[in-house]
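Please walk through the strand pairing, the main pocket and the nonpolar core of this model.

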Amino acid sequence: MFSEMAIEAEIWEATKESDAILVADDHGIITWITGTCERLFGYLTRKELVGKSVHTLVPGAIREKHADYFRGFWDAPSARPMGNTRILEGQHKDGHTFKVSVTLAPWTIAGRRQVKASIAEMGGV
């Protein structure tokens, strides 16, 4: 059996320079994040986000609604794009917002439910 640390190291090495990915537990706490994702949201180190709520990365005006959506995801967890009927926004550390595309994928790692979010900035859309 692989240790959680070994699995994290493999995932980190495979994705750290290319993909903006974060992993959160079923309570919405960020457990893992790539450097690309950190930079997308304006953070300098993993320590700034790991252990924090995923809702930190959502604009304040929609944070409460996002928390409802997040809880609802666990009612029927499945890999899927997020926000098919609405424009999604992320919130940068400096407070500005930007449009994003997010794809979710549930998984269990080390016996704990997690969700992987792959995030892409939408630019001028």
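Two strands count as paired if DSSP finds at least two bridges between them. Helices (H or I, at least four residues) and strands (E, at least two) are DSSP runs, numbered from the N terminus. This is a predicted model, in which local features need pLDDT of at least 70 and side-chain atom pairs count only at pLDDT 80 or more, while totals for chains, interfaces and linings use all residues. Residues are numbered from 1 along each chain as its sequence is written, and side-chain values use heavy atoms, with hydrogens and water left out.

Q: Which residue in S6 stands opposite Trp-107?
A: S5 and strand S6 (residues 112-121) pair in the antiparallel sense over ten bridges. In S6, the residue opposite Trp-107 is Gln-114.

Q: Which residue in the turn of the S5 and S6 hairpin has a positive phi?
A: Two residues lie between S5 and S6 in this hairpin. The positive phi, about 55°, belongs to Ala-110.

Q: Which residue in S5 does Gly-90 stand opposite?
A: Strand S4 (residues 88-91) pairs with S5 in the antiparallel sense, over four bridges. Their hairpin has five residues between the strands, and Gly-95 takes a positive phi near 105°. Opposite Gly-90 in S5 stands Phe-98.

Q: What is the bridge partner of Arg-80 in S5?
A: Strand S3 (residues 80-82) and strand S5 (residues 97-109) are antiparallel, with three bridges. Arg-80 is bridged to Leu-104.

Q: Which element supplies the largest share of the lining of the largest pocket?
A: A pocket is an open set of points on a 1 Å grid over the protein atoms alone, where a 1.4 Å probe fits, with protein on both sides within 12 Å along at least five of seven lines; lining residues have an atom within 4 Å of a point. This pocket has 27 lining residues, with His-66, Tyr-69, Met-82, Arg-86 and Leu-88 nearest its centre. Strand S1 (21-25), helix H3 (63-73), S3, S4, S5 and S6 each give at least two. The largest share, five residues, comes from H3.

Q: Which element gives the most to the largest nonpolar core?
A: Such a core is a set of buried (under 20% relative accessible area, 1.4 Å probe, protein chains only) Ala, Val, Leu, Ile, Met, Phe, Trp, Tyr and Cys residues joined through side-chain atoms within 4.5 Å. The largest has 23 residues, and Cys-37, Val-102 and Ile-119 are among those with the most contacts inside it. With four residues, the element that gives the most to this core is S5.

Conventions: Buried < 20%, exposed > 50% of the residue type's maximum accessible area, 1.4 Å probe, protein only.
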